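Student: I am new to this structure and should be grateful for a close look at a single part of it. Please choose one helix and describe its surroundings with care.

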Amino acid sequence: MTTPALLPLSGRRIPTLSPGASSFPHHRATLRLSEKFILLLILSAFITLCFGAFFFLPDNSKHKRFDLGLEDVKTSTNGTSENYLGKLENYLDKIRADHERALQEAKEKLRKSRDELRAEIQTEKNKVVEDLKKKDPGPKPLPPVPMPKVVGVSDGEPPEPDAKEKRDKIREMMKHAWDSYRQYGWGHNELKPLAKKGHSTNIFGNSQLGATIVDALDTLYIMGLHDEFKDGQEWIEQNLDFGVNAEVSVFEVNIRFIGGLLAAYYLSGQEVFKLKAVQLAEKLLPAFNTPTGIPWAMVNLKSGVGRNWGWASAGSSILAEFGTLHMEFVHLTYLTGNPAYYQKVMHIRKLLAKMDRPNGLYPNYLNPRTGRWGQHHTSVGGLGDSFYEYLLKAWLMSDKTDTEARKTYDDAIEAIERHLIRKSNGGLTFIGEWKNGHLERKMGHLACFAGGMFALGADGSPDDKAGHYLQLGAEIAHTCHESYDRTVLKLGPEAFKFDSGLEAVAVRQNEKYYILRPEVIETYWYMWRFTHDPKYRQWGWEAAQAIDKYCRVSGGFSGVKDVYSSNPTYDDVQQSFFLAETLKYLYLLFSSDDLMPLENWVFNTEAHPLPVLHLGNITLPGSEPAQR
């Protein structure tokens with residue numbers, strides 16, 4: 001049984017079997033529904049009035065009795081009948097005048113051009129919106145909080161001319177991706193660059209939320225593309241509405257939308273991004289209304305009803321989804337003063353701490369009704385990955401005061417090293433997957449982020465193991481580079497095996513695709529920051545050239561279906577995470593270290609930078625004082 005294609009497609013998330021399979025094309029109508037409805041209403045009124053005039057209006061010579069809301073005619077000797085008929089005549093004259101006026105208005109409407117009608121409709125819409133604003137003043141203003149120290153958010157020009165030239169090329173690739181989306185998919189979640197139209201997947205509930213705009217904002221800002229950033233900001237101010245009847249992935253909208261909006265706020269200081277992030281976060285809270293407090297995978301933004309993916313083990317929630325909320329939710333509590341966000345994620349951590357873990361490993365599935373593990377499947381790739389990442393980053397983001405998170409991370413990595421990390425016959429270090437007591441010797445592209453994670457967490461490791469974990473990060477980076485180097489296109493497959501004499505090579509056809517994923521380049525960047533070994537820039541440039549050569553089309557960038565084919569077919573999807581992550585990490589790889597310094601910024605799993613909270617003696621609402 002194959003896994004359904006309708007799965008999330010982003011950075012640290014659930015793997016898919018067929019790229020672009022979950023697309024739902026949108027077609028532009030010549031006129032929007034509301035405009036067609038107005039025209040139809042006018043025409044209907046015109047016809048109704050004509051028939052009314054023909055069949056129902058009496059002539060002057062004979063007045064037939066029919067009910068117009070007046071009392072029945074009561075003839076009497078004192079002339080009341082004549083008085084009544086006089087009133088009736090006046091009433092009918094009024095109806096005829098109204099009828100003539102309505103006919104005239106209808107004729108005038110029908111004589112107007114489409115643009116004039118559109119303008120009238122928009123004016124009426126604006127009037128309604130203004131009336132609603134007067135009745136509902138909107139959400140209360142957020143309490144003022146000190147802005148975290150924002151350091152190194154621009155420039156970062158490298159001293160080496162060669163690196164500067166490459167960085168400029170990455171910036172040009174970003175501009176091509178953005179301009180193509182701006183031209184062909186504006187407002188849609190993603191872009192179909194060959195069909196040159198909008199694209200969406202079920203993770204966004206098929207609603208047009210402009211995912212690419214929100215996901216790309218901080219990359220635009222960091223690259224100094226401020227006109228493009230302003231265009232995105234204007235779209236968000238005028239069009240981003242979370243009150244839609246759409247069922248969305250809690251995980252995906254958290255890392256892409258809340259993460260993207262918070263990062264844009266911290267980088268630019270524009271309040272609209274903070275307000276939109278909070279509006280969306282409030283819509284996600286009902287997902288936590290489960291018997292255990294482990295959130296549902298999906299929630300309807302309008303109704304608040306949640307549910308889990310149909311394919312997940314026995315109705316389970318997924319470790320990498322409910323375990324990848326901490327960074328964003330801590331910042332939400334910090335910015336709003338609402339303790340609910342912090343309390344929700346800390347409840348998840350406390351619940352997991354009480355549970356038995358087979359071999360010290362966290363299974364990927366947990367039932368939100370019973371609080372019991374589902375199928376015993378553990379991976380550092382899809383379904384598990386960003387849970388471990390967020391344990392480490394919770395510690396870093398707390399200015400290294402959240403020692404509970406660091407201890408949980410260290411214990412988890414120790415179990416992963418013992419049970420999942422192996423060396424192949426050819427000397428390649430890889431991270432396998434644990435399935436029901438058996439190690440599958442296969443590594444996913446998603447798991448390649450772990451090289452960067454090991455390097456990022458090296459400082460602060462127990463038992464003076466910093467050097468060991470930096471070396472482990474380098475070995476994972478090398479293995480993932482081999483998975484790229486052993487293909488025809490020099491782009492990595494979705495998954496690759498280490499058995500039957502094959503190493504770092506995809507075997508199954510449905511694992512040979514590349515959908516513009518960032519994880520390998522992410523690891524190159526972290527390894528570059530911590531070692532400055534020039535091979536990481538060289539490997540990153542190889543990947544950038546391959547993307548530009550094989551994935552670039554006139555309408556943007558597309559994934560490819562077979563990296564072992566010299567003539568690959570496209571999947572026709574420009575993923576939003578390509579702009580959020582892949583191009584951002586490439587740009588940072590060729591920038592100086594003072595751009596987004598890691599002492600001040602922690603990147604969420606969608607590469608959205610959030611500032612370290614130097615809280616000092618400040619305690620988050622709903623939390624206990626941090627233990628150093």
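Tutor: The account below follows helix α7 and its two neighbours, and then turns to positions elsewhere in the chain.

The model is a predicted one. Its protein chain has 18 helices and 19 strands. Of the 628 residues in the chain, 55% are buried. Among contacts with a separation of 6 or more, 70% join residues that lie 24 or more positions apart.

Helix α7 comprises residues 250-268. One of its residues, glutamate 252, carries an annotation: the unreviewed UniProt entry gives "active site" for Glu252, Asp385, Glu494 and Glu519. Is glutamate 252 buried or exposed? Its relative accessibility is 0%, below the 20% cut-off, and therefore glutamate 252 counts as buried.

Consider next how α7 lies against helix α8, which spans residues 271-284. The two helices pack at an angle of about 160 degrees, and their axes are 8 Å apart. Because an angle over 145 degrees counts as roughly antiparallel, α7 is described in that way relative to α8. The crossing of α7 with α8 is left-handed. On the α7 side, the contact consists of Val250, Val253, Asn254, Phe257, Ile258, Leu261, Leu262, Ala264, Tyr265 and Ser268. They meet Glu271, Phe273, Lys274, Lys276, Ala277, Leu280, Ala281 and Leu284 of α8. Sorted by class, the residues of this contact are 13 nonpolar, 2 polar and 3 charged.

The other neighbour is helix α10, residues 326-336. Here the axes come within 10 Å and cross at roughly 45 degrees. This angle lies outside the ranges for parallel, perpendicular and antiparallel, and so α7 is oblique to α10. As α7 passes α10, the crossing is left-handed. From α7, the residues that take part are Asn254, Ile255, Ile258, Gly259, Leu262, Tyr265 and Tyr266. Their partners in α10 are Glu328, Phe329, His331, Leu332, Tyr334 and Leu335. This contact divides into 9 nonpolar, 3 polar and 1 charged residues.

The two lists of residues can be read together. Asn254, Ile258, Leu262 and Tyr265 of α7 meet residues in α8, and these four also meet residues in α10.

The "active site" annotation also leads away from α7, since it includes Glu519. Glutamate 519 is located in helix α16, residues 519-531. With a relative accessible area of 0%, glutamate 519 is buried.

A separate UniProt annotation, again from an unreviewed entry, marks Thr605 as "binding site". Threonine 605 belongs to the loop that runs between β18 (601-603) and β19 (609-611). Its relative accessible area is 0%, so threonine 605 is buried.

Asparagine 359 may be set beside these positions. It is found in the loop between α11 (340-354) and β7 (365-366). Its relative accessibility of 42% falls between the 20% and 50% cut-offs, and asparagine 359 is therefore partly exposed. Apart from neighbours within four places in sequence, asparagine 359 is in contact with Ala415, Arg418, His419 and Trp434. Asparagine 359 and glycine 437 are 78 residues apart in sequence, and the distance between their C-alpha atoms is 9.4 Å.

To return to the helix requested, α7 is roughly antiparallel to α8 and oblique to α10, and it holds the buried glutamate 252.

How values were computed. Residues numbered from 1 in each chain as written. Predicted model: local features only at pLDDT ≥ 70, side-chain atom pairs only at ≥ 80, totals over all residues. Heavy atoms only, no water. Axes fitted to C-alpha atoms, helices over the stretch in contact; angles between N-to-C directions. Parallel < 35°, antiparallel > 145°, perpendicular 65-115°, else oblique. Left-handed = near helix turned anticlockwise from the far one by under 90°. Contact = heavy atoms within 4.5 Å. Nonpolar A, V, L, I, M, F, W, Y, C, P; charged D, E, K, R; others polar. UniProt positions renumbered as here; feature names shortened; annotations may be inferred. Buried < 20%, exposed > 50% of the residue type's maximum accessible area, 1.4 Å probe, protein only.
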